[in-house]
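Welcome, and thanks for taking a look at this one. Please open the sequence and the model side by side, and we will walk through them together.

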Amino acid sequence: VDVVIARPAMRALSVETQGTVRPLREIKLVSQVGGRVESVSPRFAQGGFFGAGEELVKVEDVDYQFVIARAESQVAAARQRVAEEEGRALQAKREWRNLGSEQANALFLRKPQLAAAKAALRASEADLDAARLDLKRTSISAPFNGRISEKHVDVGQYIAPGTPVAGVYDTDVAQVRLPLTGRQVALLDLPLNYGDRSLEQASGAPVVLRARFANQMWEWQGHIVRTDASIDENSRVVYAVAEIDKPFAREPGSDRPPLSPGLFVNATISGRQISDVVPLPRSSLRSDDSVMVVDAQQVARVREVQVLQSNAQQLWVQGLAQGERVIVREPAATIAGMEVTVNEVAELAGAEF
């Protein structure tokens with residue numbers, strides 16, 4: 001039989017998975033006021049980029065300026081009523097004292113009338129603030145740097161409150177949901193999102209994303225930031241979320257395309273350090289997840305192992321001691337307890353040790 005010598009060591013095994021790029025934030029930009037669209041930004045087009053707070057759509061604001069003028073008039077009138085009531089209250093208090101009494105009822109001192117005037121002033125000031133807020137809302141913008149994915153209105157169109165004007169998404173961060181099996185999760189340091197935030201990891205494993213675009217293979221760097229809130233009921237996999245900063249930034253001297261939403265990528269996640277890992281060729285694994293080893297008496301024995309990871313040529317296992325001889329190729333008639341002759345090999349079928 002051909003054998004290899006087991007050499008357990010500390011190793012970090014990477015995990016291969018795949019997913020689709022999505023924006024971190026994607027919203028419908030909605031008008032909070034009604035009116036005719038007076039102007040739009042030159043960047044207000046499908047695929048256009050914009051900055052946080054940049055005006056994208058301007059709604060005609062003449063009507064809202066009229067409302068502000070009326071509200072300012074009501075505030076001035078309310079302040080006048082408050083001043084008048086304060087003067088009447090002071091006069092009433094003096095008249096009562098002239099009658100020789102120190103105590104006067106609230107109605108005679110005009111306290112309810114003064115309170116009502118002050119309440120009316122506060123209400124008119126609130127109406128003025130609301131009118132100014134509506135005027136400010138005639139300028140429609142997004143609170144983040146982004147890109148327009150859909151455009152729904154244009155110059156001259158009348159829009160009502162609640163009308164969607166565009167679909168936009170954030171361009172500062174992109175994310176990819178990556179499915180992981182239970183065996184793959186065991187190889188990684190994942191942010192497990194404990195209820196106690198003090199136990200939550202600050203950042204997860206590094207991720208390398210690869211995709212083919214324009215007949216070339218490109219790479220982007222990211223990291224795992226969290227896992228989904230639940231396990232998928234249909235596939236029973238855990239989804240880890242990778243984030244990539246500045247997916248649309250252009251690197252100096254590079255023609256790498258932007259990491260656009262919808263791009264399908266292959267991901268390689270760096271694993272954590274695991275002790276006593278032994279690499280073996282795939283041919284050494286039996287159907288029951290065990291291998292055969294040769295003991296000191298040259299007898300073949302069955303040894304159960306824990307398979308950590310595998311591919312078409314190689315696998316990585318735990319459960320073997322230093323120096324053990326693992327059968328990697330055997331005659332069809334080899335069974336446990338049989339005495340064998342050993343031929344040590346360094347590699348087999350492209351596997352590396």
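## An aromatic cluster

Let us start with three rings: Phe49, Tyr169 and Phe248 form one aromatic cluster. This is a predicted model, where local features need pLDDT of at least 70 and side-chain atom pairs count only at pLDDT 80 or more, while totals for chains, interfaces and linings use all residues. Residues are numbered from 1 along each chain as its sequence is written, and side-chain values use heavy atoms, with hydrogens and water left out.

How many aromatic pairs does a search of the whole structure find? There are two, where rings of Phe, Tyr and Trp (its six-membered ring) pair if their centres lie within 6.5 Å, and planes under 30 degrees apart count as stacked, over 60 as edge-to-face and the rest as tilted. The Phe49 and Phe248 rings have centres 5.4 Å apart and planes at 75°, so this pair is edge-to-face. Phe49 sits in strand E6 (residues 49–50) and Phe248 in the loop between E15 and E16, so the pair ties together parts that are 199 residues apart in sequence. Strands (E, at least two residues) and helices (H or I, at least four) are DSSP runs, numbered from the N terminus.

Tyr169 and Phe248 make a tilted pair, with 6.4 Å centre to centre and 35° between the planes. This pair also links distant parts of the chain, with Tyr169 in strand E11 (residues 164–170), 79 residues from Phe248. As for burial (buried means under 20% relative accessible area, exposed over 50%, partly exposed in between, with a 1.4 Å probe and protein chains only), Phe248 counts as buried at 19%. Tyr169 is buried too, whereas Phe49 is partly exposed, with a relative accessible area of 36%.

## The overall chain

The protein chain has three helices and 23 strands. Its radius of gyration is 37 Å, well over the 20 Å that the globule rule gives for 353 residues, so the chain is more spread out than a compact globule. For that comparison, the radius is taken over C-alpha atoms, and the rule is 2.2 Å times the number of residues to the power 0.38. Along its principal axes, the C-alpha trace spans about 125 × 60 × 40 Å.

Of the 353 residues, 38% count as buried. Contacts (heavy atoms within 4.5 Å) are mostly long in sequence range: among those with a separation of 6 or more, 74% join residues 24 or more positions apart.

## Nonpolar cores

A nonpolar core is a set of buried Ala, Val, Leu, Ile, Met, Phe, Trp, Tyr and Cys residues joined through side-chain atoms within 4.5 Å. Which members of the largest one touch the most other members? Among its 29 residues they are Leu178, Val207, Leu209, Ile224, Leu259, Val265 and Ile269. Several strands each supply at least two residues, including strand E3 (15–23), strand E13 (206–213) and strand E14 (216–227). E12 gives the most, with four residues.

Leu259 shows how this core is knitted together: leaving aside neighbours within four places in sequence, it is in contact with Val21, Leu209, Trp220, Ile244, Pro247, Phe248 and Val265. A second, separate core of 16 residues includes Val37, Leu56, Ile159 and Val165.

## Strand E12 and its partners

Six of the eight residues of E12 are buried, so this strand is largely enclosed by the rest of the structure. Two strands pair if DSSP finds at least two bridges between them. E12 pairs with E15 in the antiparallel sense over eight bridges, and Val176 stands opposite Ala242 in E15. E3 and E12 are also antiparallel, over three bridges, and Arg22 has Gln175 in E12 as its bridge partner.

## A five-stranded sheet and Val278

Elsewhere, five strands form an open sheet of mixed pairing, in the order E19-E18-E22-E1-E23. Its edge strands, each pairing on one side only, are strand E19 (300–304) and strand E23 (343–344). Strand E1 (residues 2–5) and strand E22 (residues 325–329) run antiparallel over four bridges, with Arg329 in E22 as the bridge partner of Asp2.

Is Val278 buried or exposed? At 1% relative accessibility, Val278 counts as buried. Val278 lies in strand E17 and touches Ala6, Arg7, Pro8, Leu315, Trp316, Val317 and Leu320, not counting residues up to four places away in sequence. The C-alpha atoms of Val278 and Val176 are separated by 32 Å, with their positions 102 residues apart along the chain.
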